[in-house]
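Got your viewer open? Load the model, switch on the side chains, and follow along stop by stop.

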Amino acid sequence: MSKPEENTEKKILNKKLKDVEISIPIVYGNIAFWLGKKSNEYQSHKWTIYVRGATNEDLGVVIKRAVFQLHSSFNNPTRVIEAPPFELSEAGWGEFEIAITLYFHSDVCDKPLNLYHHLKLYPEDEPGPVSIKKPVVVESYDEIVFPEPSEGFLARVQSHPAVNLPRLPAGFTLPPPSAGSYSKTPTANKLDKWAGSTFEISLQPVNALMKSLEISTSHWFRLKQMMA
């Protein structure tokens, strides 16, 4: 392909689609387990914080990397995850707020998105003794909306299960999807393995997920407001 042809193709792929939005439902939060007899004054729980698709889809098609900012008492409190699954596991005794910064691929958005999650280790208002088998789960459901996506971005993610595609403008057609398959993030398998039959999350639809886990916070944000 000649250079003028390459430049023409790039212009087409970078062309913005007016009155079109792409939405990505996500869930972010943490799961924590009490260590029982193995706990001590410095490490009472093991926990994992994560960002994933609303039904455990791999978000690597949109997110390039995630940065988790832990409490300053941790060694290397700024943790960078360069590939999915975007999750981080640690052990400790205290609850604190974790800042999560998501960086997107270059054809998606050039500005990062900041999220905040309060790490939860201890169950609230639950009768009976604490069990090492029953996890504490706190999650938030959100939807990232990308207004006026490029044709290249839309074509690249058109067959991805994590992406809600819009109604396309009249006369616009997408090229055939690229070869390849998308899968669920390994986070789902990890959670199922940890919790056994007491915690099933991997394939539940979003509404059932929000009901069964009693998600603590539900709010919506739009990148359009960030990019203004």
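Which residue has its charged end sitting over the ring of Tyr103? Select Arg65: its charged end is 4.3 Å from the centre of that ring. Before you go on, keep in mind that this is a predicted model.

**Another charge over a ring**

Now pick Lys46 and Phe33. Here Lys46 lies over the face of Phe33, and the distance to the ring centre is 5.7 Å.

**Strand E1 and its neighbours**

Next, select strand E1, which covers residues 21-34. Is E1 largely enclosed or largely open? Colour it by accessibility: twelve of its 14 residues are buried, so E1 is largely enclosed by the rest of the structure.

Then bring in the strands that pair with E1. Strand E8 spans 136-147, and E1 and E8 run antiparallel, joined by twelve bridges. To see one spot where they face each other, click Ile24, which stands opposite Ile144 in E8.

E2 (residues 45-53) comes next. E1 and E2 are antiparallel too, with nine bridges joining them. Try Tyr28 here: its bridge partner in E2 is Val51.

While you have strands on screen, a general point helps: in a regular strand the side chains alternate between the two faces of the sheet.

**Aromatic pairs**

How many aromatic pairs does the structure hold? The count is five. Let's visit two of them, with distance and angle tools ready, because a pair of aromatic rings is described by the distance of the centres and the angle of the planes.

Start with Trp47 and Phe74, an edge-to-face pair with 6.1 Å from centre to centre and 80° between the planes. This pair links distant parts of the chain: Trp47 belongs to strand E2, while Phe74 is in the loop between strand E3 (63-69) and E4, 27 residues apart. Trp47 is buried, at 1% relative accessibility. Phe74 is buried as well, with a relative accessible area of 15%.

Before leaving, add Phe96 to your selection. Ring pairs join Trp47, Phe74 and Phe96 into a cluster.

For the other stop, select Phe104 and Phe146. They are also edge-to-face, with centres 5.4 Å apart and 85° between the planes. Phe104 comes from strand E6 and Phe146 from strand E8, with their positions 42 residues apart in the chain. Both Phe104 and Phe146 are buried.

**Salt bridges**

Switch to charged side chains. In general, side chains of opposite charge can pair when their charged atoms come close. In this model the count comes to four salt bridges, and three of them are on our route.

- Select Glu148 and Lys18. Their side chains meet in a salt bridge, at 3.6 Å from N to O. Glu148 is in the loop between strand E8 and helix H2 (151-157), and Lys18 is in the loop between helix H1 (3-14) and strand E1, so look for residues 130 apart in the chain. Glu148 is partly exposed at 33% relative accessible area, whereas Lys18 is exposed at 54%.

- Select Glu90 and Arg79. The closest N and O atoms of this salt bridge are 2.9 Å apart. Glu90 lies in strand E5 (residues 86-92) and Arg79 in strand E4 (residues 78-81), eleven residues apart. What is the relative accessibility of Arg79, and is Arg79 buried or exposed? At 14%, Arg79 counts as buried, while Glu90 is partly exposed at 23%.

- Select Arg156 and Asp107. This salt bridge has its closest N and O atoms 2.9 Å apart. Arg156 is part of helix H2, and Asp107 sits in the loop between strand E6 (97-104) and strand E7 (113-118), 49 residues away along the chain. Arg156 counts as partly exposed, at 28% relative accessibility, and Asp107 is partly exposed with 25%.

**Last stop: the surface**

Turn on the molecular surface and highlight Tyr42, Trp93 and Tyr122. What kind of patch do these residues form on the surface? The patch is nonpolar, and together the three residues have about 400 Å² of accessible area. Zoom in on Tyr42, found in the loop between E1 and E2. Tyr42 is exposed, with a relative accessible area of 58%.

Key:
Residues are numbered from 1 along each chain as its sequence is written. This is a predicted model: local features need pLDDT of at least 70, side-chain atom pairs count only at pLDDT 80 or more; totals for chains, interfaces and linings use all residues. Side-chain values use heavy atoms; hydrogens and water are left out. Helices (H or I, at least four residues) and strands (E, at least two) are DSSP runs, numbered from the N terminus. Buried means under 20% relative accessible area, exposed over 50%, partly exposed in between (1.4 Å probe, protein chains only). Rings of Phe, Tyr and Trp (its six-membered ring) pair if their centres lie within 6.5 Å; planes under 30 degrees apart count as stacked, over 60 as edge-to-face and the rest as tilted. A charge sits over a ring if NZ of Lys or CZ of Arg is within 6 Å of the ring centre and within 35 degrees of the ring normal. Patches are made of residues with over 30% relative accessible area and no salt bridge: like charges are joined within 9 Å, nonpolar side chains (Val, Leu, Ile, Met, Phe, Trp, Tyr) within 5 Å. Accessible areas come from the Shrake-Rupley method with a 1.4 Å probe; for residues, only the protein chains shown count as cover. Two strands pair if DSSP finds at least two bridges between them.
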